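Please walk through the fold of this protein, starting from its sheet and moving outward to the helices and the spaces between them.

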Amino acid sequence: MTGPPARVLYITGWMRSGSTLLGNVLNELPGVRHVGELHFLWRNGVLGAGTNSTCGCGQPLTRCSLWSEVLAAPPARTAEATAHRTVDLQRSLVRTRHTRARLAEVRGERSAAPGLTELLDRSAAVYHRVAALGGERLVVDGSKCPAEAAALLGRADLDVRVLHMVRDPRATALSYRGAKAYIDPMSPARSSGYWTAFNLASERVGRAAGDRYLRVRHEDLCARPRETVAEVLRFAGLEDESPVDGSGRIPLGVNHTVTGNPDRLRRGATRIRPDDRWRTALSAADIAAATVPALPLLSRYGYPAAPSRTAVRGGEPYGAAAPLRPGGLR
């Protein structure tokens, strides 16, 4: 692939940790495209096999002005076959358990697995197309697949920065406790088990990435949005002012995100602020069940093992138009 490397901010970590919120904020800057969970473009967008597959602009992905152009690159008669092949490669090569192997390849300790170059070539081609269609300064990918982030670090045609987002596991447990239209319910213990596995894998990627890695807490983003977004911008290589004002407000416009939290479809003035409803919404038993599997990492991320049951701040944020719920974003 010719031309300068496409700059990619790849967000990793466990689900429900604020990537949709942060990505949509960055999307308000010129030359920045937040593409949501690009990993699911082929399964959800082309094959229509997943849930919540409408583009953030409100159109089906295959009819969206951006993605219809991106997906037009392969011959139409082979698009479905390409999608099936891509999904098969993703399942066999970039699940969380593959993180160690992908890092070993990046370090030159082993040869690339069969099919990996094909998969990464396809991903890089999509990044470059998105960069040419409005993301020339930065493409933000919230896929949160640590093994995929690891593999992408080795691409010379991409300038990949890895942003590891973490959130208190009790908050993510609350989000997963009830069934939603786009995700299945999950017990607090199971949610925190995944939380620990995904965050440990993301830390391995961070050790390999060096100064191309930054960890940000959801709680800091919501408590100090202007300052935290500014830190992320500097890390991503952008010198822009934070688009969030001093009171945490930002007007959100149209985006072209793939999959992700349905709140990505909302528009209008939004205020970002903390939400710790889990402290009172979860029972003591649920808090304990969500805490135990996460104990190895809680203190490292600044979360108490025995949290207070008193909510410091919570409830609905407010805005002049369709507001988002920071506590419900990922």
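Which residue in strand 3 does L9 stand opposite? The residue opposite L9 is V140 of strand 3. The model examined here is a predicted one. V8 also has a counterpart in strand 3, namely V139. These residues belong to the pairing of strand 1 (residues 6-12) with strand 3 (residues 138-141), which is parallel and runs over three bridges.

Strand 1 also pairs with strand 4, again in the parallel sense, and here there are seven bridges. One of the residues involved is A6, whose bridge partner in strand 4 is L158. Strand 1 is mostly covered, with six of its seven residues buried. In general, strands of a sheet pair through backbone hydrogen bonds, in either a parallel or an antiparallel arrangement.

The whole sheet is open and has five strands in the order 2-3-1-4-5, with parallel pairing. Its edges are strand 2 (32-34) and strand 5 (213-217), each of which pairs on one side only. From one strand to the next, the twist averages 20°.

Helices lie across this sheet. Helix 6 (residues 116-132) lies across strand 1, strand 2, strand 3 and strand 4 (158-166), and it runs at about 115° to strand 1. Helix 9 (residues 188-209) lies across strand 1, strand 4 and strand 5, at about 140° to strand 4.

Helix 9 also takes part in a group of packed helices. Helix 8 (169-177) is mostly covered, since seven of its nine residues are buried. The buried residues are P169, R170, A171, T172, A173, S175 and Y176. They pack against helix 9, helix 12, helix 13 and helix 14.

Helix 13 (residues 284-291) can be followed in the same way. Its buried residues are I287, A290 and T291. Viewed down the axis of helix 13, the buried residues fall within an arc of 100°, so they line one face of the helix. This can be read against a general rule: an α-helix has 3.6 residues a turn, so residues three or four places apart point the same way. Among the elements covering the buried residues of helix 13 are helix 8, helix 9, helix 12 (278-281) and helix 14 (295-298).

What remains is the space between these elements. The largest pocket has a volume of about 1,100 Å³. Its lining is made up of 32 residues, and M15, F40, R43, R95 and F198 are the ones nearest its centre. Helix 2 (41-46), helix 4 (79-93), helix 7 (146-152) and helix 9 are the elements that give two or more residues to this lining. Helix 9 gives the most, with four residues. Helix 9 therefore appears in three places: it lies across the sheet strands named above, it helps to cover the buried residues of helix 13, and it lines the largest pocket, with the helix itself defined as a DSSP run.

There are also closed spaces. The structure holds three cavities of 30 Å³ or more. In the largest cavity there is about 100 Å³ of space. The lining of this cavity comprises 13 residues, of which L38, H39, W42, S123 and E148 lie nearest the centre. Helix 2, helix 4 and helix 6 each give two or more residues to the lining. The largest share, four residues, comes from helix 6, the helix that also lies across strand 1, strand 2, strand 3 and strand 4.

Note on methods. Residues numbered from 1 in each chain as written. Predicted model: local features only at pLDDT ≥ 70, side-chain atom pairs only at ≥ 80, totals over all residues. Heavy atoms only, no water. Pairing = 2+ DSSP bridges. Axes fitted to C-alpha atoms, helices over the stretch in contact; angles between N-to-C directions. Contact = heavy atoms within 4.5 Å. Buried < 20%, exposed > 50% of the residue type's maximum accessible area, 1.4 Å probe, protein only. Arc of directions from axis to C-beta. 1 Å grid on protein atoms, 1.4 Å probe; cavity = no way out; pocket = protein on both sides within 12 Å on 5 of 7 lines; lining within 4 Å. Points joined across faces, edges and corners; volume = space filled by probe spheres on them.
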